[in-house]
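Colleague: I would like to learn how to read a model like this one, feature by feature. Where do we start?

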Amino acid sequence: MSEERFGEFVLVRRHGHVAELVLDRPKAMNAVSTQMARSIAAACAALAADRDARVVVLTSSHERAFCVGADLKERNSFSDADLVRQRPVARGAYTGVLELPMPTIAAVHGFALGGGFELALSCDLIVADGTAVVGLPEVSVGVIPGGGGTQLLPRRVGAARAAELVFSARRVAAAEARDLGLVDRLVDEGQDREEALALAGRIAGNSPVGLRAAKRALRLGYGLDLRTGLEVEDAAWRSVAFSGDRAEGVAAFNEKRTPQWPGQ
């Protein structure tokens, strides 16, 4: 396993073809400061360009929190001009995760609130343990979810349920979060990272070309009318149909062996 640090607060660990993106600001429960936002964006840019990374798992080094959202202590010192200057930096962190081209999994325990939950929502799948508490409480401090929450949450749970959660600013414990669809898989306490990495390992056994194309079709096709969505799917299919991965996958199936994906 190799490690690479991006600034003071973000770490990337390599587990073969699985990359673990670690939020590592434990003294602040991973509150996203300007510096940390830049580091998240930089790590995501590096991962997006890495053809060896087939799946990314977003984890936390803090025992009791995934991420508590924006650093409000830092924000308290901001002038209006400071806040305007910080906005594209903050957005860069959330869109960095959202636009990763490979499948992404968030491993959530403890608090995942505000921007912390938005980082998880930016992933394709969320694995949570029994200690997880999620929510978008931004209206309780005079703002709105600004890291994608107003758009990503209704895509997960529907418009009315998202409205109730955003307007009430309430926190949702693990079992209800699973029942509402706020998280995808609920595991025993302390098992979120292990389970997410295991799931990522299983996914990473598949074609990296196929995985990226499938994600592209899922993301771009969502919300379109069926006919247009099928055209998006067809374009994604054409991008893989003549790839080395497709040739290797078919050959491996017929030869009853494990594929050795060329990744192109």
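Modeller: With a strand, and with a reminder that this is a predicted model. From β6, Thr104, Ala106 and Val108 point one way, while Ile105 and Ala107 point the other way, and all are buried.

Colleague: How many of the residues of β6 are buried?

Modeller: Five of its five, so strand β6 (residues 104-108) is mostly covered, with buried meaning under 20% relative accessible area.

Colleague: Which strands pair with β6, and in what sense?

Modeller: The general idea comes before the case. Strands of a sheet pair through backbone hydrogen bonds, either parallel or antiparallel. Here, strand β4 (residues 55-60) pairs with β6 in the parallel sense over three bridges, and Leu58 has Ala106 as its bridge partner in β6. Strand β8 (residues 125-129) also runs parallel to β6, joined to it by four bridges. In β8, Ala128 stands opposite Val108.

Colleague: In what order do the strands of the open sheet that includes β7 and β9 stand?

Modeller: The order is β5-β7-β9-β10; these four strands form an open sheet with mixed pairing. The edges are β5 (65-67) and β10 (172-173), each with a single partner strand, so one side of each has no neighbour in the sheet. Strands β7 (residues 111-113) and β9 (residues 133-135) pair in the parallel sense over three bridges. Val134 in β9 is the bridge partner of Ala112.

Colleague: Now helices. Which residues of α5 are buried?

Modeller: For a helix, look at where the buried residues sit around the axis. In α5 (residues 149-157), Gly149, Leu152, Leu153 and Val157 are buried. They cover an arc of only 105° around the axis, which puts them on the same side of α5. The buried residues of α5 pack against α3 (80-98), α4 (115-121), α6 (159-168) and α7 (174-180). After α5 comes Gly158, with a positive phi near 95°.

Colleague: Where does α3 bend?

Modeller: At Gln86, by about 35°, and a proline, Pro88, follows within four residues. The length can be checked too: at 1.5 Å a residue, the 19 residues of α3 should span 27 Å, and the end C-alpha atoms are 27 Å apart, which agrees. Gln86 is also among the buried residues of α3, which include Val89, Ala93 and Tyr94. The buried residues of α3 pack against α1 (34-48), α2 (72-75) and α4.

Colleague: What about a positive phi outside glycine? Which residue in the loop between α6 and β10 has one?

Modeller: Ala169 has a positive phi of about 60° although it is not a glycine, and it is found in that loop. Lys256, in the segment after α11 (244-254), has a positive phi of about 55° and is not a glycine either.

Colleague: Are Ala169 and Lys256 buried or exposed?

Modeller: Ala169 counts as buried because its relative accessibility is 14%, whereas Lys256, at 77%, counts as exposed.

Colleague: Last, the cysteines. How many disulfides does the structure hold?

Modeller: Zero. To judge a pair, look at the distance between the sulfur atoms; the cut-off is 2.5 Å. Cys44 is in no disulfide, and the nearest cysteine sulfur, that of Cys123, is 8.6 Å away. Cys44 counts as buried, at 2% relative accessibility. For Cys67, also in no disulfide, the nearest cysteine sulfur is that of Cys123, 12 Å away. Cys67 counts as buried, at 0% relative accessibility.

Key. Residues numbered from 1 in each chain as written. Predicted model: local features only at pLDDT ≥ 70, side-chain atom pairs only at ≥ 80, totals over all residues. Heavy atoms only, no water. Pairing = 2+ DSSP bridges. Helix = DSSP H or I, 4+ residues; strand = E, 2+ residues; numbered from the N terminus. Buried < 20%, exposed > 50% of the residue type's maximum accessible area, 1.4 Å probe, protein only. Arc of directions from axis to C-beta. Contact = heavy atoms within 4.5 Å. Expected span 1.5 Å × (residues − 1). Bend = angle between axes of the 7 residues up to and from the residue.
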